[in-house]
Amino acid sequence: MNGLPLLLRVLRDPSAAQGLDGAGWDLLLRQADAANLDAYLLVLLEDAGLLDTVPAAPRAHLEWTRAGAAGHAQAARYEVRQIARALDGLGLPLILLKGAAYALAGLDAGRGRLFSDIDILVPKTRLHEVEGALMMHGWITTHHDEYDQRYYRQWMHELPPMQHARRGNSIDVHHAILPETAPVRPDPDKLRAAARPIAGEPGLATLAPADMVLHSAVHLFFDGEFDKGLRDLVDMHRLLTEFGAQPGFWGALPARARALELGRPLFYALRYCPRLLGTVVPPAVQAAMAWAAPNPALLWLMDRLFGRALLPLHASCADAWSDFAHFALYVRGNWLRMPPLLLAQHLFHKAFITRHNTSQAA
């Protein structure tokens with residue numbers, strides 16, 4: 001544990017922040033900012049009863065994040081209600097994903113959690129209706145390139161991102177949680193069927209607790225970009241801690257992962273949350289996930305890659321292999337989302353055609 005970056009030591013045990021000098025606080029806040037976790041750091045220290053022990057300058061910075069997080073939460077609630085109003089009449093529950101779901105459902109993972117867009121899940125057969133309704137209420141696509149439109153609509157698990165013409169807020173409309181081209185494709189009908197209404201929020205719903213954890217694991221461990229990797233791992237830690245106190249959750253989680261073909265991302269979640277954040281996972285659950293483990297050689301490699309990529313994206317947390325780890329996981333993420341020929345075509349287009357068109361436009 002002593003080898004962990006300062007931020008992770010504090011995330012595991014908030015009392016580790018006590019006694020830090022000015023340089024220590026400066027490093028802690030810079031690492032938290034790089035991981036997009038400074039607002040959560042305030043929540044963590046406050047819950048531990050340690051906020052009054054923070055020196056004046058870092059305390060002022062943390063209090064500033066409180067105001068920013070409160071404004072962010074208020075804006076997110078307003079935007080969700082505007083989306084719900086736009087889709088009213090389609091007869092669909094508005095299933096929220098990720099940050100918006102955590103915030104609107106009042107989960108612990110939503111406290112101090114900032115997010116740049118709102119993600120929703122709808123049936124693929126209703127995409128045209130949903131997109132049309134959103135366009136009628138001011139949302140427009142942000143990807144006008146013909147290739148990008150085909151990329152999203154033919155191969156991906158979501159529409160091209162949409163942005164409100166007046167407010168500038170973004171929405172991602174998903175019909176699944178993994179791309180059409182991925183070798184593993186959890187049945188979105190099962191996710192929607194198990195969704196749960198949000199108490200006090202008519203028409204709004206979230207994924208079931210186990211599905212919420214699995215989606216968080218998929219989002220992190222099937223992706224290729226880890227600039228917010230630690231933030232996403234913290235999401236899983238908070239979800240597992242909160243849901244783990246509910247009767248039956250731990251017993252049902254491995255079975256749900258098997259049913260949705262998501263054993264591998266859950267295996268990684270249950271490996272790295274305890275290693276980096278001290279998440280308490282029952283040994284029986286760890287044992288129940290042995291079927292999803294990679295072979296020993298691959299696991300050795302993934303430990304070294306994820307062990308670097310899941311740290312704050314700050315110079316103090318990097319070593320000589322950090323850039324390689326991020327690059328290798330970027331290639332892996334794309335490999336997991338597309339078959340080889342399609343991946344080669346996509347990377348060629350992005351590297352040469354899109355870049356050429358952009359440079360000419362400039």
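This passage looks at the overall build of a predicted model and then at one pair of packed helices.

Starting with the whole chain, the fold is put together from 16 helices and seven strands. The radius of gyration comes out at 21 Å, close to the 21 Å that the globule rule gives for 362 residues, so the protein chain is as compact as a globular protein of that length. Laid out along its principal axes, the C-alpha trace spans about 55 × 55 × 45 Å.

What about the inside and the outside? Of the 362 residues, 51% are buried. On the outside, the chain exposes about 16800 Å², and 57% of that area is supplied by carbon and sulfur atoms. As for how the chain meets itself, take the contacts with a separation of 6 or more: residues 24 or more positions apart account for 67% of them.

Now for the helix pair. Helix α14 covers residues 296-309 and helix α15 covers residues 322-337; the two pack at an angle of about 110°, and their axes lie 9 Å apart. Angles of 65 to 115 degrees count as roughly perpendicular, which means that α14 is roughly perpendicular to α15. On the α14 side, the contact is made by Met-302, Leu-305, Phe-306, Arg-308 and Ala-309. Helix α15 brings Ser-322, Phe-324, Ala-325, His-326, Ala-328, Leu-329 and Arg-332 to the contact. Sorted by character, the residues of this contact between α14 and α15 comprise eight nonpolar, two polar and two charged ones.

Terms used: Residues are numbered from 1 along each chain as its sequence is written. This is a predicted model: local features need pLDDT of at least 70, side-chain atom pairs count only at pLDDT 80 or more; totals for chains, interfaces and linings use all residues. Side-chain values use heavy atoms; hydrogens and water are left out. Axes are lines fitted to C-alpha atoms, for helices over the stretch in contact, and angles run from 0 to 180 degrees between N-to-C directions. Helices (H or I, at least four residues) and strands (E, at least two) are DSSP runs, numbered from the N terminus. Angles under 35 degrees count as roughly parallel, over 145 as roughly antiparallel, 65 to 115 as roughly perpendicular and the rest as oblique. Contact means heavy atoms within 4.5 Å. Ala, Val, Leu, Ile, Met, Phe, Trp, Tyr, Cys and Pro count as nonpolar, Asp, Glu, Lys and Arg as charged, and the others, Gly among them, as polar. The radius of gyration is taken over C-alpha atoms; the globule rule is 2.2 Å times the number of residues to the power 0.38. Buried means under 20% relative accessible area, exposed over 50%, partly exposed in between (1.4 Å probe, protein chains only). Accessible areas come from the Shrake-Rupley method with a 1.4 Å probe; for residues, only the protein chains shown count as cover.
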